[in-house]
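Hi,

Here is the structure I said I would pass on. Have a look at it first, and my notes follow below.

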Amino acid sequence: MSDTLSQLVEMTRTLGQPHLEYVIIGEGNTSARIDDASFWIKASGQGMEHIGPDGFVAVHFEPILAMLERSPGDLEAQKAVMDAAKVDPSSPLRPSVEVTFHAMLLTECRVQVVGHTHPVAVNRLMCSSRAQQFAHNRIFPDEAVVCGPESVFVPYVDPGLPLSLAIRDQVRRYLDTWGEAPKVILMANHGLIALGQTPTEVLNVTAMCVKAAKIFAGACAVGEPVFMKREDVLHIVRRPDEIYRRKQFVQR
Ligand SMILES: [Zn+2]
């Protein structure tokens, strides 16, 4: 088994641990870049907690990304393209239905690993009127250091191609504004996507976002949440000692 795949399996199992309450049953999906032409993606219908290397399928970027430029038609036509994108056509597995946003994020954000989950703590907020407020603000310094100066927020749209296109619009806006890729994408009424250069970074970003969500909900319960000032957020994410610290977090 390749290093990339074994690390992806380990990260996915960690995200699937029941006590974390990130996913249940077949929820969530993960991916990792193999090279410029292909990537591993969790296969449709696989649970994360006990997944093995045989729960992932390798697919080519090109046909998946082409679907975002020109839809091949209805869901059946899209499934045919996803099947044809498999590196090993004889594999009985089908890529996760969210394969399009994984291909798009690995490409547009130039990251190596993507982890998508539905954490209870995050979705409490994503299913509330506070969803966008949580995404666009920071409440404590380590949230800003690990999760970036703000998160991308995506209003609810139908999963599959429409969702991938909506995420792409918001990610491009973020890239224009900040000149760097986001760490966190929050989808209303749906969940969280963590982006990383390593599996460890995806685990860290997910854990910190979940912690921030719990603190935010607690702050709302006792009064109004008090956000960090924008200049304090920018100061902390640009401090050389914090940039050094952040690099230590993601190694491996
Ligand atoms: Zn999902």
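In what sense do β1 and β4 pair, and over how many bridges? They pair in the antiparallel sense, over four bridges. Before I go on, please keep in mind that this is a predicted model.

**The sheet**

The strands make an open sheet of seven, in the order β3-β2-β1-β4-β7-β6-β5, and the pairing is mixed. At the edges stand β3 (56–60) and β5 (152–154), each with a single partner strand, so one side of each has no neighbour in the sheet. From one strand to the next, the twist averages 20°.

Going along the order from the β3 end, β2 and β3 run antiparallel and are joined by five bridges. If you want a register point there, S38 stands opposite H60 in β3. Next come β1 and β2, which form a hairpin with four residues between them. Their pairing is in the antiparallel sense over three bridges. For the register, A32 has W40 in β2 as its bridge partner, and R33 stands opposite F39 in β2.

H116 is a handy residue for getting across the middle of the sheet. On one side, H116 in β4 is the bridge partner of N29. On the other, H116 has I193 in β7 as its bridge partner. The two strands in that second pair, β4 (residues 113–117) and β7 (residues 191–196), are again paired in the antiparallel sense, over five bridges.

**How enclosed the strands are**

In β1, five of the five residues are buried, so the rest of the structure largely encloses this strand. The residues of β1 split by direction: N29, S31 and R33 point one way, T30 and A32 point the other way, and all are buried. That fits the usual pattern, since in a regular strand the side chains alternate between the two faces of the sheet. As for β2, four of its five residues are buried, so this strand too is largely enclosed by the rest of the structure.

Helix α1 (residues 3–15) lies across β1 (29–33), β2 (38–42), β3 and β4, and runs at about 155° to β1.

**Two helices that cross**

Have a look at α2 (residues 61–69) and α4 (residues 99–108) as well. They pack at an angle of about 100°, with their axes 9 Å apart. That angle falls between 65 and 115 degrees, so α2 counts as roughly perpendicular to α4. On the α2 side of the contact are F61, I64, L65, M67 and L68, which meet V99, T100, A103, M104 and T107 in α4. By type, the residues of this contact divide into eight nonpolar, two polar and no charged.

How much of α4 is buried? Eight of its 10 residues are, so α4 is largely enclosed by the rest of the structure. The buried ones are V99, T100, F101, H102, A103, M104, L105 and L106. Just after α4, check the backbone at R110, which takes a positive phi of about 50°.

**The core and two cysteines**

The largest nonpolar core has 65 residues, and L105, V184, L186 and C209 touch the most other members. Helix α9 (residues 199–222) gives the largest share of this core, with nine residues. Among those well-connected members, C209 touches V122, C147, V184, L192 and A194, if you leave out residues up to four places away in sequence.

The other cysteine I looked at is C220, which is found in helix α9. Is C220 buried or exposed? Neither, quite: C220 has 16 C-beta neighbours inside 10 Å, so it counts as partly exposed. To be called buried, a residue needs 20 or more, while 12 or fewer would make it exposed. Which residues does C220 touch, apart from its neighbours within four places in sequence? C220 is in contact with R130 and P225. R130 is 90 residues away from C220 along the chain, and the C-alpha atoms of the two are separated by 9.3 Å.

That's what I have for now.

Best wishes

Key
Residues numbered from 1 in each chain as written. Predicted model: local features only at pLDDT ≥ 70, side-chain atom pairs only at ≥ 80, totals over all residues. Pairing = 2+ DSSP bridges. Axes fitted to C-alpha atoms, helices over the stretch in contact; angles between N-to-C directions. Contact = placed C-beta atoms within 7 Å. Core = buried A, V, L, I, M, F, W, Y, C linked by C-beta atoms within 7 Å. Parallel < 35°, antiparallel > 145°, perpendicular 65-115°, else oblique. Nonpolar A, V, L, I, M, F, W, Y, C, P; charged D, E, K, R; others polar.
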